[in-house]
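Open the model in your viewer and colour the chain by secondary structure. The stops below go from the whole chain to single residues.

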Amino acid sequence: MISANTRVGSIDVLRGITIAAMLLVNDPGDADNVFTTLRHSPWNGCTFADFVFPFFLFLVGVTTHLSQSRRDTGNEGDFRRAIFRRAVILFGLGLFLNAFPFYENSLVAGPQWMPAFVGHIIARFAHLRIMGVLQRISICYVVVALITQKASVRSVVAMIAVLLIGYWCAMTLLPVPGEIGVGAQYLNDPAHNLSSWLDRTLLDWTRVSLGWHLYDPALAYDPEGLLSTIPAIATVLLGVLAGRWMQSPRTLGERLLKLSMAGLIAIAIGAAWGVVFPINKPLWTSSYVIYTAGTACLSLGVVGWVVDYKGWRRWTPPFLVFGTNAILAYVGGELLASILRSTIKFKVDGHRLSTGMTVVRGFEGLGAEARVASALWAIVFVVICYALLRPLYKKRIFLKV
């Protein structure tokens, strides 16, 4: 049995693998030339890139349970305040990343009398995207941390069922305002399904006067929108169940075996559900939740068998560097990527190119195919992030929110 005070190495390793994959997927050298598996599915389907975020949310659920189980019983008010404090910090960091770099050229110019950089900053905040990766993590974390403190396993399973089946019914049976027919007719239409309509209605209320507050003005939806955050909560709850199973009074081998078997069963259920409710990351469909959580469950079982059961740890330090400072790795990586893309530029063949594009051109000059050159820069970027984080890991400095 894993005691409440034991740090599970496989969880940190899998989280580190997830963060490294997230940096790899988010930061190609040339966004127009990316291998299909490293690019998010345009709508229905599931590539390697589409597993990254649900894996992280699943692990948020695992660690939420483990942290709750090891806390000393004390003032419930203090405990809830700590939960809300973490959630607010995560949401604030997400807004900061959406606004950064404040000085980057915007699509809307200010008055002629206004300095250009001031106009850029005002326009940046006027068009600030409200939701995002950290914002979704914040919402899912605070909801799950509060509702699972004293909930039984049966109650957690019931919550998951209500969320996923309820979302399925809402997306398929309810009418979409302004459209003819029910939602099932618009699941393959990014612009006219219920989730997209709700995002435009609630998040984009200033679109006419100021601009958009969604992910991209060219899209009619936000991939981390409001309605799709409801099934994302179920992803975290599934992680809570996995965390409880990891602490059950059984042998480590039995726990890992049954965890892996549960993952395989969930993958099959998710794939079958996808026939009638397509596996879709932007909508975070119920089938996508089960399919990706099953894959995360299987991955945790395999990594746990390698790291915790067999003790094969020599390959793990690079991933522990990312996994033990996950939020810092993500936030720092996003800030660094923004700076390298928007600020640090080089003149190549008469054009000012971002750092990534400059390196891509160099790889192409050596004979690399465009997609290979783009992927090589992404790998270089992950290595740079690792080099920056490694001294903190060596000194056992772990930044938490």
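Start with the whole protein chain, which has 14 helices and two strands. This is a predicted model. The chain has 401 residues, and 49% of them count as buried. Among contacts with a sequence separation of 6 or more, 73% join residues 24 or more positions apart.

**The core**

Select Phe 58, Ile 137 and Phe 322. In the largest nonpolar core, which has 96 residues, these three touch the most other members. Then add helix α2 (residues 49-70), which supplies the largest share of this core, twelve residues.

Keep Phe 58 on screen and show what surrounds it. With neighbours within four places in sequence left aside, Phe 58 is in contact with Thr 235, Leu 238, Gly 239 and Ala 242, and also with Ala 293, Ala 296, Cys 297 and Leu 300.

**The pair α5 and α8**

Next, select residues 133-147 for helix α5 and residues 229-246 for helix α8. How do the two axes cross? They come within 9 Å and cross at roughly 55°. That angle lies outside the ranges for roughly parallel, roughly antiparallel and roughly perpendicular, so α5 and α8 are oblique to each other. The crossing of α5 past α8 is right-handed.

Now show side chains at the contact. On the α5 side, display Arg 136, Ile 139, Cys 140, Val 143, Val 144 and Ile 147. They meet Thr 229, Ala 232, Ile 233, Val 236, Leu 237 and Val 240 in α8. By class, this contact of α5 with α8 has ten nonpolar residues, one polar and one charged. The spacing along each helix can be read with the usual rule: an α-helix has 3.6 residues a turn, so residues three or four places apart point the same way.

**Phe 84**

Move to helix α3 (residues 76-99) and pick Phe 84. Is this residue buried, partly exposed or exposed? Phe 84 counts as partly exposed because its relative accessibility is 43%, between the 20% and 50% limits. Not counting residues up to four places away in sequence, Phe 84 touches Val 142 and Leu 146. For a distance label, use the C-alpha atoms of Phe 84 and Tyr 141: these residues are 57 apart in sequence and 9.3 Å apart in space.

**Around α13**

Select residues 355-365, helix α13. Its buried residues are Thr 355, Gly 356, Met 357, Thr 358 and Val 360. What covers them? The cover includes α12 (326-342), the strands β1 (345-348) and β2 (351-354), and α14. Just after α13, stop at Gly 367, which takes a positive phi of about 105°.

**Two backbone outliers**

Most residues other than glycine have a negative phi. The last two selections depart from that pattern.

Select Trp 284, which is not a glycine yet has a positive phi of about 50°. Trp 284 sits in the loop between α9 (252-273) and α10 (286-309). Its relative accessibility is 0%, so Trp 284 counts as buried.

Finish at Arg 396, in the segment after α14 (370-394). Arg 396 is likewise not a glycine and has a positive phi of about 60°. With a relative accessible area of 52%, Arg 396 is exposed.

How values were computed. Residues are numbered from 1 along each chain as its sequence is written. This is a predicted model: local features need pLDDT of at least 70, side-chain atom pairs count only at pLDDT 80 or more; totals for chains, interfaces and linings use all residues. Side-chain values use heavy atoms; hydrogens and water are left out. Axes are lines fitted to C-alpha atoms, for helices over the stretch in contact, and angles run from 0 to 180 degrees between N-to-C directions. Helices (H or I, at least four residues) and strands (E, at least two) are DSSP runs, numbered from the N terminus. Angles under 35 degrees count as roughly parallel, over 145 as roughly antiparallel, 65 to 115 as roughly perpendicular and the rest as oblique. A crossing is left-handed if the near helix is turned anticlockwise from the far one by less than a right angle, and right-handed if clockwise. Contact means heavy atoms within 4.5 Å. Ala, Val, Leu, Ile, Met, Phe, Trp, Tyr, Cys and Pro count as nonpolar, Asp, Glu, Lys and Arg as charged, and the others, Gly among them, as polar. A nonpolar core is a set of buried Ala, Val, Leu, Ile, Met, Phe, Trp, Tyr and Cys residues joined through side-chain atoms within 4.5 Å. Buried means under 20% relative accessible area, exposed over 50%, partly exposed in between (1.4 Å probe, protein chains only).
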